[in-house]
Amino acid sequence: MHDVPNRQIRAAHTADTVTVYQAYSPLLGVPAAREGRFPPAWKRERMTWIKPSFLWMMYRCGWGGKTDQETVLAVEITREGFDRALRHACLSHHEHGTHPDVATWKRALRECSARVQWDPERDLYLNPLPHRSLQLGLSGPLSRAYADEWTVAIRDVTPQVREIHGLVRAGEDAAARALLPAEIPYPAGPLPHLGA
């Protein structure tokens, strides 16, 4: 993995869709997967963070073991929506070289409905890797669009998560890796406003 760019979006994607991951309590996650859409109880006015990296999601939710993150969802959304969010996103922190100054960054942050963090990607044992993975926060109109317009399918991947985690705990790395989603570089093009 030494040739992986420091900041690169890697995801399972098709010509029309990209898969992102989220984890919820069973009260939200189970009906979302059953219906293939987010239920009315899903708070559309709150910022929601989506993650194209399966292993980063496992790090965040502790393999589905954290409270209110027991149900892991694979959410297939339109690439059109994902690309729109990336175009209009702002880094969640000021970064010298990406922003001309702090005031410009703060103004952009106030005006945008999408935020990006580049966090260390994770290996099978959830240790940090030297390259970064995208976390995309959506709020306001983009959060609503994500839930009600962009979502194509929602799958409960909790059984897969448990199986992979069991193999990792048993030291069966090759078998665990074989069950991971195939995440390849996502053709987002240069993203200079996001430092990538």
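**Overall fold and the four-stranded sheet**

The chain exposes about 9800 Å², of which carbon and sulfur atoms supply 52% (Shrake-Rupley method, 1.4 Å probe). This is a predicted model, in which local features need pLDDT of at least 70 and side-chain atom pairs count only at pLDDT 80 or more, while totals for chains, interfaces and linings use all residues. Residues are numbered from 1 along each chain as its sequence is written, and side-chain values use heavy atoms, leaving out hydrogens and water.

Of the 196 residues in the chain, 47% are buried (under 20% relative accessible area, 1.4 Å probe, protein chains only). The radius of gyration is 17 Å, which agrees with the value near 16 Å for a compact globule of 196 residues (taken over C-alpha atoms; the rule is 2.2 Å times the number of residues to the power 0.38).

Turning to secondary structure, the chain has 7 helices and 9 strands (DSSP runs numbered from the N terminus: H or I of at least four residues, E of at least two). An open sheet of 4 strands follows the order β3-β7-β6-β5, with mixed pairing (at least two DSSP bridges between paired strands). Because β3 (48-50) and β5 (89-91) each have a single partner strand, they stand at the edges with one side lacking a neighbour in the sheet. β5 pairs with β6 (residues 114-122) in the parallel sense over 3 bridges, and Leu91 stands opposite Val116 in β6.

Helix α5 (residues 140-150) packs on the sheet, touching β3, β6 and β7 (contact: heavy atoms within 4.5 Å).

Methods:
Axes are lines fitted to C-alpha atoms, for helices over the stretch in contact, and angles run from 0 to 180 degrees between N-to-C directions. Buried means under 20% relative accessible area, exposed over 50%, partly exposed in between (1.4 Å probe, protein chains only).
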